[in-house]
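Please work through the exercises below with the sequence and the model open beside you, and try each task before you read its solution.

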Amino acid sequence: MNNKAFFYGQFYLLMTLFWIALFENVHLMTLITGLIFSVLVIFFTEKYLLKDDFYQIIDFNAFKLLIYFFILLYEIYANAFVTIHQIITLQINPDIVEIHTDLKSNTQKCILANSITLTPGTVTIDLEGHTLKVLWLNAKSKNTVIAGNMIKGRFERFLNR
Amino acid sequence: MLTIIILLILLLTLSLLRILLGPSLWDRLLGLNMVASKLLALIVLYASYKGISMYLDLAIVYALLGFVGIIFLSIYVQRKGRF
Amino acid sequence: MREIIALIFMSGGLFFIGFGILGLYRFKNFYTRILIGSNVDTAGFILLLAGVIIRHGFSFFSLKVCFIIFLVLIVNPLITHAITRSAYNSGFKIKKE
């Protein structure tokens, strides 16, 4: 029960923050209307659009997501310089590799696939069960384990924690 | 600040050329994506240059509408016109 | 002083975007173009908007720009994935350079 209250509290606080950013003041009236509208939006989304609870479908933790954002930022810029070097020298070998992931829930797999797409040099094409199909700019190896370790190593180690 | 805005407009024109001479259909979609992302950055930079924060609301709406447009265009191309 | 740091960040963003456009014209095949184009572009975009945040300091303007950065981080991989998947499912072949 405590877990569930924490989960929905994160959503309400984030949406109230967005409401404050749109109105550009922090009066008491803005806070109250923001909280009322965020509760109403989540209630109607669950009742009519989703027909299920958010708590059953996704797992969402704002603090973990914030730490993950900095890891993602580091990976983006480290790979961007490698990619710029490849643009200048034109030493490339584009190919499709299939890699295997051990993550359980759908949310984690979705975050992993989008992170792989966001780093320069790799784009996710397809996701079936536990197999990801990835288009790689400079394919050094077609082996599932070696290629998977080079592409998703740091992301999966953090998400699995 | 003004120099950066002018340079960004120049880069936007260069990426606009890809839509005109891209050989395949998906090259044109890629050009559309790059033009949309540079136009978004241009709106934010112009709002910062003038100091008017109302333009940022335009930027949020433009990002969401560009997303929906490109997604539906690519699905339309994938199903070969039968929607 | 803050203005100068912001200008340095924005110049870095223009550097990344310029290399993205160079890659857009240097490669001959579609798959290499999409690998270069949209992703290096996103890296430049984040740096450019970080410059705007530093220029305005701690205010509501920066909060809105923060929300735009998160929106782009969520939306941009979806667009890239949709275009690539559309080309792949339509039977576009990978060619070596």
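The exercises that follow deal with a predicted model, and each is solved step by step.

**Exercise 1. The sheet of chain A**

Work out in which order the three strands of the open sheet in chain A are arranged, and which strands stand at its edges.

Step 1. Reading across the open sheet, the three strands come in the order β1-β3-β2, and their pairing is antiparallel.

Step 2. The strands β1 (95–100) and β2 (122–128) of chain A have a single partner strand each, so they stand at the edges, and one side of each is left without a neighbour in the sheet.

Step 3. From one strand to the next, the twist averages 25°.

Step 4. As for the helix that goes with this sheet, α6(A) packs on it and touches β1, β2 and β3 of chain A, while its direction makes about 90° with that of β1(A).

**Exercise 2. Bridges between the strands**

Find how many bridges join β2(A) to strand β3 of chain A, and then identify the residues that stand opposite A:Thr124 and A:Ile99.

Step 1. Strand β3 of chain A covers residues 131–136, and six bridges join β2(A) to this strand, the two running antiparallel.

Step 2. Within this pair, A:Thr124 has A:Val134 of β3(A) standing opposite, and A:Asp126 has A:Lys133 of β3(A) as its bridge partner.

Step 3. The connection between β2(A) and β3(A) is a hairpin with two residues between the strands, and A:Gly129 in the turn has a positive phi of about 60°.

Step 4. Turning to the other pair, we find six bridges between β1(A) and β3(A), which also run antiparallel, and here A:Ile99 stands opposite A:Leu132 in β3(A).

**Exercise 3. Two helices of chain A**

Decide whether helix α5 and helix α6 of chain A are roughly parallel or antiparallel, and list the residues that make their contact.

Step 1. Helix α5 spans residues 106–118 of chain A and helix α6 spans residues 144–159 of chain A; their axes come within 10 Å and cross at roughly 150°.

Step 2. Because of this crossing angle, α5(A) is roughly antiparallel to α6(A), the cut-off for that description being an angle over 145 degrees.

Step 3. The crossing of α5(A) and α6(A) is right-handed.

Step 4. On the side of α5(A) the contact is made by A:Gln108, A:Ile111, A:Leu112, A:Ser115 and A:Ile116, and on the side of α6(A) by A:Ile151, A:Lys152, A:Phe155, A:Glu156 and A:Leu159.

Step 5. Sorted by class, the residues of this contact are six nonpolar, two polar and two charged.

**Exercise 4. Helices of chains B and C**

Determine how α2(B) is oriented relative to α2(C), and describe the residues through which they meet.

Step 1. Helix α2 of chain B consists of residues 25–50, and its axis and that of α2(C) come within 11 Å and cross at roughly 5°.

Step 2. This angle makes α2(B) roughly parallel to α2(C).

Step 3. Among the residues of α2(B) that meet α2(C) are B:Trp26, B:Leu30, B:Met34 and B:Val44, and among those of α2(C) are C:Phe30, C:Ile34, C:Phe45 and C:Leu48.

Step 4. The residues of this contact of α2(B) with α2(C) divide into 12 nonpolar, six polar and four charged.

**Exercise 5. Chain C and its partners**

For the contact of chain C with chain B, and then for that with chain A, state how many residues each chain gives and which helix of chain C supplies the largest share.

Step 1. Chain C gives 33 residues to its contact with chain B, and chain B gives 30 residues.

Step 2. At least two residues on this side of chain C come from each of α1 (2–26), α2 (30–56) and α3 (60–89) of chain C, and the largest share, 14 residues, is that of α3(C).

Step 3. The side of chain C that touches chain B has 22 nonpolar, seven polar and four charged residues.

Step 4. In the contact between chain C and chain A, 26 residues are from chain C and 24 residues from chain A.

Step 5. Of the side of chain C that touches chain A, α3(C) provides the largest share, 10 residues, and the classes there are 15 nonpolar, seven polar and four charged.

Step 6. To link this with the sheet of Exercise 1, note that α3(C) lies across β2 and β3 of chain A and runs at about 70° to β2(A).

Technical notes: Residues are numbered from 1 along each chain as its sequence is written. Chains are lettered from A and ligands numbered from 1 in the order in which they are written. This is a predicted model: local features need pLDDT of at least 70, side-chain atom pairs count only at pLDDT 80 or more; totals for chains, interfaces and linings use all residues. Two residues are in contact if their C-beta atoms, placed from the backbone, lie within 7 Å. Helices (H or I, at least four residues) and strands (E, at least two) are DSSP runs, numbered from the N terminus. Ala, Val, Leu, Ile, Met, Phe, Trp, Tyr, Cys and Pro count as nonpolar, Asp, Glu, Lys and Arg as charged, and the others, Gly among them, as polar. Axes are lines fitted to C-alpha atoms, for helices over the stretch in contact, and angles run from 0 to 180 degrees between N-to-C directions. Angles under 35 degrees count as roughly parallel, over 145 as roughly antiparallel, 65 to 115 as roughly perpendicular and the rest as oblique. A crossing is left-handed if the near helix is turned anticlockwise from the far one by less than a right angle, and right-handed if clockwise. Two strands pair if DSSP finds at least two bridges between them.
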